Amino acid sequence: QLQLVESGGDLVQPGGSLRLSCAASGFTLDDYYIGWVRQAPGKEHEGVSCVGNRDGRPVYVDSVKGRFTVSRDMAKNTVYLEMNNLKPEDTAVYYCAVRRRYRFRPCEYYLTRREFDSWGQGTQVTVSS
């Protein structure tokens, strides 16, 4: 059974850092796009980052470029989201989600539409002084 479990969310001051983890089980990440999607209070889900394109190119929404880094540890079947210089507007529940890779569409196609097959339960990130 495919399962995703996020961890690493916390309360952090502006300018601080966090690393979120998404541990996958029941499948291997090799053939999947992995996305990070967040939902701030009272707002719609927003695609933040994705990885898994065949060229290895990670994708980021403009608001987190230069601050967030997504990576995969295939040996641990885990995806990470390193978040630096956090801002109050980064406050949200962060979800990891997966979709089987499709040769004709890159991960950002699904990230912008939030079209993923399976989602984790989410982890809360709060940026506040």
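Q: What does it mean for a residue to be buried or exposed?
A: Buried means under 20% relative accessible area, exposed means over 50%, and partly exposed lies in between, using a 1.4 Å probe and protein chains only. In this structure, cysteine 50 has 0% relative accessibility and therefore counts as buried.

Q: What kind of model is this, and how are its residues numbered?
A: The model is predicted: local features need pLDDT of at least 70, side-chain atom pairs count only at pLDDT 80 or more, and totals for chains, interfaces and linings use all residues. Residues are numbered from 1 along each chain as its sequence is written, and side-chain values use heavy atoms, with hydrogens and water left out.

Q: What is a disulfide, and how many does the structure hold?
A: A disulfide is a covalent bond between the sulfur atoms of two cysteines. Here the term is applied to a pair of cysteine sulfur atoms within 2.5 Å. The structure holds 2 disulfides. With bonded cysteines counted along the protein chain, their pattern is 1-3, 2-4.

Q: Which parts of the chain does the disulfide of cysteine 22 and cysteine 96 tie together?
A: The sulfur atoms of cysteine 22 and cysteine 96 are 2.0 Å apart. Because cysteine 22 belongs to strand β3 (residues 18–25) and cysteine 96 to strand β9 (residues 92–100), the pair ties together parts that are 74 residues apart in sequence. Strands (E, at least two residues) and helices (H or I, at least four) are DSSP runs, numbered from the N terminus. The torsion about the S-S bond of cysteine 22 and cysteine 96 is about 65°, so this disulfide is right-handed. Both cysteine 22 and cysteine 96 are buried.

Q: Where does the disulfide of cysteine 50 and cysteine 107 lie?
A: Cysteine 50 and cysteine 107 have their sulfur atoms 2.1 Å apart. Their disulfide links distant parts of the chain, 57 residues apart: cysteine 50 is in strand β5 (residues 45–51) and cysteine 107 is in helix α1 (residues 107–113). Its S-S torsion is about 70°, so the disulfide is right-handed. Cysteine 107 is buried, with a relative accessible area of 1%.

Q: In what order do the strands of the open sheet stand?
A: Strands of a sheet pair through backbone hydrogen bonds, either parallel or antiparallel. Two strands count as paired if DSSP finds at least two bridges between them. Here 4 strands form an open sheet in the order β1-β3-β8-β7, with antiparallel pairing. β1 (3–7) and β7 (68–73) stand at the edges with a single partner strand each, so one side of each has no neighbour in the sheet.

Q: How many bridges join β7 and β8?
A: β7 pairs with strand β8 (residues 78–83) over 6 bridges, in the antiparallel sense. Arginine 72 stands opposite valine 79 in β8.
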